[in-house]
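Hi everyone, thanks for making time. I'd like to walk you through some charged pairs and a bit of strand pairing, so let's put the structure up.

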Amino acid sequence: MNLEDKTLVWHVNANRLNLQLLRVMLNERTTRLDFGYQTTDYYIRGGWINIYPETHLVTSASSRKMRMQDQQGIVTAPDKFHFKSRADWHFFSLFFAPLPMQDQLISLVESEDPDFTNFNIGNIELKIEAAFRLRL
């Protein structure tokens, strides 16, 4: 079986403030990033989150920006998902075109000119030999 017949899964421990990248899944059809987000005590009920529609991935394996194609469990700006308490966790997934099936560094870019609220996470190492291989 070659790599195109499989889904590669990396369990990742990359975070930025309250956002944590939990898993990257890659196959010939899609790239999926799974996240967890913990609310902050800055706001009375934990505040809100959303994702910019222009969110994209950049990779060391290509000069192309991989624009977000879909999302699950999170709304796109200007809509907002409001938390009910400061103790809430929220899990969501972002979907992109398939990345090249090779070793690479990827970065999630929500904003090219980020502030403290943007979900930018950089230099996530994806090594083929470190991935779990799933047959779906």
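Before I start, one cut-off: I call a residue buried under 20% relative accessible area, exposed over 50%, and partly exposed in between. By that scale Lys127, with a relative accessible area of 32%, is partly exposed, because 32% falls between the two limits. And please keep in mind that this is a predicted model.

Let's stay with Lys127. Its side chain forms a salt bridge with that of Asp103, at 3.9 Å from N to O. The two residues are 24 apart and link distant parts of the chain: Asp103 is in the loop between strand 8 and strand 9, while Lys127 is in the loop between strand 10 and strand 11. Asp103 is also partly exposed, at 41% relative accessibility.

So how many salt bridges does a search of the whole structure find? It finds five. Let me show you two others.

One of them brings together the side chains of Lys65 and Glu112, with 3.0 Å from N to O. Lys65 belongs to strand 6, and Glu112 sits in the loop between strand 9 and strand 10, so this pair ties together parts that are 47 residues apart in sequence. Is Glu112 buried or exposed? Glu112 is exposed, because its relative accessible area of 57% is over 50%.

The other is between Arg23 and Asp34, whose side chains meet at 2.7 Å, N to O. Arg23 is in strand 2 and Asp34 in strand 3, 11 residues apart. Here the two partners fall into separate classes: Arg23 is partly exposed at 30% relative accessibility, whereas Asp34 is buried at 5%. There is a third participant here too, as salt bridges with shared partners join Arg23, Arg32 and Asp34 into one network.

Now for strand 9, which has come up twice as a neighbour of those loops. Five of its six residues are buried, so strand 9 is largely enclosed by the rest of the structure. Which strands pair with strand 9? Strand 5 does, in the antiparallel sense and over four bridges; in that pairing, His56 has Val109 as its bridge partner. Strand 10 also runs antiparallel to strand 9, and four bridges join them. There you can find Gln104 opposite Leu126 of strand 10.

If you want to look for yourselves, zoom in on Asp103 and Lys127 and their salt bridge, then follow the chain into strand 9. That's my tour, and I'm happy to take questions!

How values were computed:
Residues numbered from 1 in each chain as written. Predicted model: local features only at pLDDT ≥ 70, side-chain atom pairs only at ≥ 80, totals over all residues. Heavy atoms only, no water. Salt bridge = Lys/Arg side-chain N within 4 Å of Asp/Glu carboxyl O. Buried < 20%, exposed > 50% of the residue type's maximum accessible area, 1.4 Å probe, protein only. Pairing = 2+ DSSP bridges.
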